[in-house]
Amino acid sequence: MTTTIWRNANVATFCGDTPYGWLPGATIVTRGNEVIWLGADRDLPATLTEESANEHHLGGACVTPGLIDCHTHLVYAGNRAREFELRLQGATYEEIARAGGGIRSTVAATRDASDDQLLSLAVARAKALMREGVTAVEIKSGYGLSEVDEARCLRVARRFGEALPLTVRTTFLGAHAIPPEFDQRADDYVAAVCDWMPRLHAEGLIDAVDAFCERIGFTVAQTRQVFERARSLGLPVKLHAEQLSDQHGAALAAEFAALSCDHLEYVGSDGIAAMASAGTVAVLLPGAYYFLRETQLPPVAALREAGVPIALATDHNPGSSPTLSPLLMMNMACTLFRMTPEEAWRGFTVNAARALGLPPTCGALGAGARADFAVWDAEHPRDLVYRFGHHPLQQLIQGGQRVAID
Ligand code: NIG
Ligand code: FE
């Protein structure tokens with residue numbers, strides 16, 4: 001295994017209690033895909049210098065852990081620009097969904113696309129995320145909504161690992177919407193989703209299970225059935241909870257020790273307390289809040305006070321958040337949700353790792369960590385949150401290797 005030295009960096013480690021885990025004038029030593037030493041340049045042990053095969057000088061650049069985008073719907077075909085126009089003329093997201101548009105229109109386009117088309121569309125999107133420092137991504141299914149099409153989308157997500165130097169976690173979101181062939185038969189559809197799950201899992205396609213618990217999605221009782229099946233298979237759960245209304249989905253998810261509850265604009269104190277005691281992460285999604293012109297803010301202060309870890313994600317999808325910019329999401333989390341820049345960074349690193357159930361070696365930098373990091377044209381991580389619409393990434397290192405993104 002090759003040992004590589006990365007000298008002269010100002011590193012936000014997100015380890016320890018200091019703000020940002022800030023370590024200026026630092027050197028990182030990697031061996032294989034692991035960080036084996038991280039400390040002040042002057043303390044670098046001579047044995048490591050002798051052992052190293054490569055040395056890179058980072059010229060005082062800012063280094064952070066690779067970003068983890070813990071909530072995306074990257075695999076789909078088509079777009080919803082026409083729906084955007086309709087919403088600008090006054091139609092609401094819910095009205096469009098009830099009229100058979102919304103998620104269902106993306107399902108139709110996705111079913112029509114070949115596996116290779118889905119893969120190349122998704123790879124192009126993932127590359128855009130990588131150009132903003134992403135080294136790990138969660139990908140949900142949920143635009144197939146038949147056993148065959150959900151399996152296709154999950155296989156495409158798995159093929160990412162081969163196509164790109166990117167860590168991928170897959171989430172089965174069969175309970176995203178009711179497909180046309182199950183119209184008015186939500187309970188039958190939920191039974192079908194539960195029936196597919198063991199086969200998809202046996203094929204190694206599922207890392208976690210999610211559902212859309214909402215007036216235009218699934219009830220708490222239906223979500224419970226999906227979660228019970230997940231639990232019987234030993235799969236962790238997550239939930240699209242309280243995005244448009246308070247369905248008390250977060251409390252249900254916490255009962256199943258969910259990894260995360262996502263969106264949460266309408267979550268009440270019961271949901272927050274349940275998440276706090278279950279150790280469930282709150283994943284806030286400023287892109288969807290902004291794009292749907294939501295006015296109900298997620299209760300950041302109450303989540304903080306209750307000690308619920310807060311993560312952020314792009315929620316990239318064609319309907320409610322067609323963004324591929326984690327840095328813009330960090331900026332919006334501060335300007336719109338009043339989070340601090342440090343909270344925004346923790347939201348895309350340490351807390352995002354936790355929302356995906358990744359090992360503690362992911363999301364922070366220190367000896368023993370996975371060698372995923374981003375090198376930025378910036379003096380400090382706060383600069384990257386303050387600016388928006390820039391392209392500040394200098395280098396991306398995934399598993400100790402420099403990544404070339406075409
Ligand atoms: O996270 N809320 C449900 N799912 C997506 C939107 C899906 C769509 O509109 O296509 C979300 O916002
Ligand atoms: Fe989503």
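Contact here means heavy atoms within 4.5 Å. Leaving aside neighbours within four places in sequence, A53 is in contact with T2 and T3. The structure is a predicted model, where local features need pLDDT of at least 70, side-chain atom pairs count only at pLDDT 80 or more, and totals for chains, interfaces and linings use all residues. Side-chain values use heavy atoms, with hydrogens and water left out, while residues are numbered from 1 along each chain as its sequence is written and chains are lettered from A and ligands numbered from 1 in the order in which they are written.

A53 itself sits in the loop between α1 (46-51) and β4 (54-65); helices (H or I, at least four residues) and strands (E, at least two) are DSSP runs, numbered from the N terminus. With a relative accessibility of 58%, A53 counts as exposed, on a scale where buried means under 20% relative accessible area, exposed over 50%, and partly exposed in between (1.4 Å probe, protein chains only). From A53 to D149 there are 96 residues in sequence and 47 Å in space, C-alpha to C-alpha.

On to the domains. The protein splits into domain 1 (3-65 + 363-403) and domain 2 (67-355), with bounds that come from an automatic or database domain assignment. Taken over C-alpha atoms, the two centres are 30 Å apart. At the interface, 28 residues of domain 1 are in contact with 23 residues of domain 2. The size of an interface is often given as the accessible area lost when the parts come together. Between domain 1 and domain 2 the buried area is about 1,900 Å², and carbon and sulfur atoms give 67% of that; buried area is the accessible area (1.4 Å probe) that two parts lose on being put together, summed over both. F14, V385 and Q398 put in 31% of the area that domain 1 buries against domain 2, more than any other three residues. As for salt bridges (a side-chain nitrogen of Lys or Arg within 4 Å of a carboxyl oxygen of Asp or Glu), the rule finds zero of them across this interface.

Then there is the metal. The iron ion (ligand 2) has as its protein donors H71 (NE2), H73 (NE2), H240 (NE2) and D315 (OD), which lie 2.1 to 2.5 Å from it. Donors are N, O and S atoms within 2.8 Å of the metal (3.2 Å for Na, K and Ca), and water is not among the atoms, so sites may look incomplete. Along the chain, the donors of the iron ion follow the spacing H-x1-H-x166-H-x74-D. H71 belongs to the loop between β5 (67-69) and α2 (81-88) and H240 to strand β9 (residues 238-241), so this pair ties together parts that are 169 residues apart in sequence. Both H71 and H240 are buried.

Salt bridges do turn up elsewhere: a search of the whole structure finds 24. In one of them, the side chains of R104 and D183 meet at 3.1 Å, N to O. This pair links distant parts of the chain, 79 residues apart, with R104 in helix α4 (residues 103-112) and D183 in the loop between β7 (167-175) and α7 (186-202). R104 is partly exposed at a relative accessible area of 23%, and D183 is partly exposed at 41% relative accessibility. Another salt bridge joins the side chains of R159 and D116, again with 3.1 Å from N to O. Here R159 comes from helix α6 (residues 147-163) and D116 from helix α5 (residues 115-130), 43 residues apart. R159, at 29% relative accessibility, counts as partly exposed, whereas D116, at 53%, counts as exposed.

A further salt bridge leads to helix α14: the side chains of R304 and E343 meet at 2.6 Å, N to O. R304 lies in helix α12 (residues 300-306) and E343 in helix α14, 39 residues apart. R304 is partly exposed at 37% relative accessibility, as is E343 with a relative accessible area of 21%. Salt bridges with shared partners also join R111, D115, D149, R152 and E181 into one network.

Within α14 (residues 341-348), A344, W345, G347 and F348 are buried. Seen down the helix axis, the buried residues of α14 fall within an arc of 155°, so they line one face of the helix; the arc is that of the directions from the helix axis to the C-beta atoms. G347 has 0% relative accessibility and counts as buried. Not counting residues up to four places away in sequence, G347 touches I310, A311, L312 and A352. The C-alpha atoms of G347 and A333, which are 14 residues apart along the chain, are separated by 9.6 Å.
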